[in-house]
Amino acid sequence: MARTEETLKVGKRSLTLSNVDKVLYPTARFTKGQVIDYYIRVARYILPHLKNRPVTLKRYPDGVRGEFFYEKNAPAFTPSWVKRFSVQRQLRGGTIHYILINDLPTLVWVANMASIELHPFLHRAPKISVPTEIVFDLDPGEGTDILGCARVATLIRDVLGQLKLKSFVKVSGSKGLQVYVPLNRNLTYDVTKEFAKTLAELMQERNPDLIVAKMAKEMRKRKVFIDWSQNTESKTTVCVYSLRAKSDVPYVSLPVTWEELEKAVQAKDVRSLYFEPEQALKRLETAGDLFAQIETLKQDLPGEVLAALRQTAKPLEQYREKRDFSSTPEPTPVVPERSRQGSTRRFVVQKHAASHLHYDFRLEMEGVLKSWAVPKGPPLESNVKRLAMPVEDHPIAYLDFEGIIPKGQYGGGTVMVWDIGTYNLIEGNVHKGFLKFYMSGKKLKGEWLLTRAHDGNGGRPKWFLIKATANVLRISKRRADRSVISGRTMEEIAARPEHQWQSRAR
């Protein structure tokens, strides 16, 4: 198709639109021009929800059947009048220049790039650690559908109501729903994510045949997954009134009333929860913005709930149960603490001579050290894969543990801090079974992957630690055999049992 152009006056801006007749949704024959027209007509409703929110664009230059990509950084050809908000990359420096869709010309310009889906963050610039709302993303597993999500949404609404919290719901425009709880207070993601996670786990506990709060896909069959992990400063959620590109028909992520949701469930009417652009615009004309209060309603999490969240040490229960702290010098569990290094997190690799010599690989995450036992140690050569067996979470204070765990205690033997440093997450989520990260340690520097694999026979999933990209720079035998914090060998640590661990944490 030959490239065509035309000029559109939008406010004080003259925009060049390209290929407006290109079909982006084949079945509906819905064109790029119609996508632009929809966003122009919905602008008065969608712009308040986008204002000052950094946004990730999901672009489909060849339509919904073609390849797509996520655009975080403003392209080099972005006009100077488009507002941006810059966020420092923690990984090897650099900056992400997010686009802010604060006005109609910017919205039209973005739509002209075939940015069918708009995914803003839950925070507004410049307060990138303060979300204005909590979201529960409901995803139906195999054997259920959007009506199953609707049942779960009403259960969440009822629990939130008991906490005196008003909630709102929208269809995703795809398979599921999202429940929003406006806050508009000064709470950080640390608190809102823990609240969402705790409520999701409570819902699973109360409704185990209907709900799952774990991310492993094999657990979701005939159940609805409550994805609480959206409540983090690195995640975006599809914007209300955004088009979706999940099928050959354009559907809109649109608010519905709780009464409409309940009626759809009673009538078993799946179709009533899908809205094409013209339907969405007609609803807006008659009902207005059902999500308006998301941006204005101020709500507080109950004081006792906040206190419980801030004192939770639940992730360390398994660690606590396996140890007698009157006999072992290992650190006792304490209230989880967050790294003071922003999105940079700490890691440690401990050489551990227990019943079998292995290396314990630990990443600071969610207030604890997520841990794996790696029998052959971290891979140092590109594309080498090592088995990594998940073990219980450990407290943050374990970062610099080096010494002797007495015989008869869990994991009894010599422990050396083989390497320690910081890491930055490039992409992925531990609950979804994939992490890509960059480590900056005293011995290890570079990118690694942690991936979870299933054997297909229902057995326990296996994790693998894989060296990505280039090999690690050569580590001399002397350095490889010695602790990075004490300079001692395993034999020297074992020979001096009086030098058992004393925490330096404050």
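**View 1. The largest cavity has a volume of about 120 Å³.** Of the 15 residues lining this cavity, His49, Pro120, Glu133, Tyr180 and Cys239 come closest to its centre. Sorted by character, the lining of the largest cavity has nine nonpolar, two polar and four charged residues. As you explore, keep in mind that this is a predicted model. How many cavities of 30 Å³ or more are there in the whole structure? A search finds two.

**View 2. The second largest cavity has a volume of about 40 Å³.** Look around its walls and you will meet Tyr241, Leu254, Pro255, Arg283, Leu284, Ala287, Gly288 and Leu290. Helix H6 (residues 277-287) gives the largest share of this lining, with three residues. Here the lining of the second largest cavity divides into six nonpolar residues, one polar and one charged.

**View 3. A cis peptide bond joins alanine 125 to proline 126.** Most peptide bonds are trans. For this cis bond, omega is near 10°. You can find proline 126 in the loop that runs between strand S9 (115-120) and strand S10 (133-140).

**View 4. Lysine 164 has a positive phi of about 65°, although it is not a glycine.** Most residues other than glycine have a negative phi. Lysine 164 sits in the loop between helix H3 (146-162) and strand S11 (168-171). Is lysine 164 buried or exposed? Lysine 164 is exposed, because its relative accessible area is 73% and the cut-off for exposed is over 50%.

**View 5. Arginine 222, also not a glycine, has a positive phi near 60°.** Its place is the loop between strand S13 (211-212) and strand S14 (224-227). With a relative accessible area of 56%, arginine 222 is exposed.

How values were computed: Residues are numbered from 1 along each chain as its sequence is written. This is a predicted model: local features need pLDDT of at least 70, side-chain atom pairs count only at pLDDT 80 or more; totals for chains, interfaces and linings use all residues. Side-chain values use heavy atoms; hydrogens and water are left out. Helices (H or I, at least four residues) and strands (E, at least two) are DSSP runs, numbered from the N terminus. Buried means under 20% relative accessible area, exposed over 50%, partly exposed in between (1.4 Å probe, protein chains only). On a 1 Å grid over the protein atoms alone, a cavity is a set of points where a 1.4 Å probe fits but cannot get out, and a pocket is an open set with protein on both sides within 12 Å along at least five of seven lines; lining residues have an atom within 4 Å of a point. Grid points are joined across faces, edges and corners, and a volume is the space filled by probe spheres set on the points. Ala, Val, Leu, Ile, Met, Phe, Trp, Tyr, Cys and Pro count as nonpolar, Asp, Glu, Lys and Arg as charged, and the others, Gly among them, as polar.
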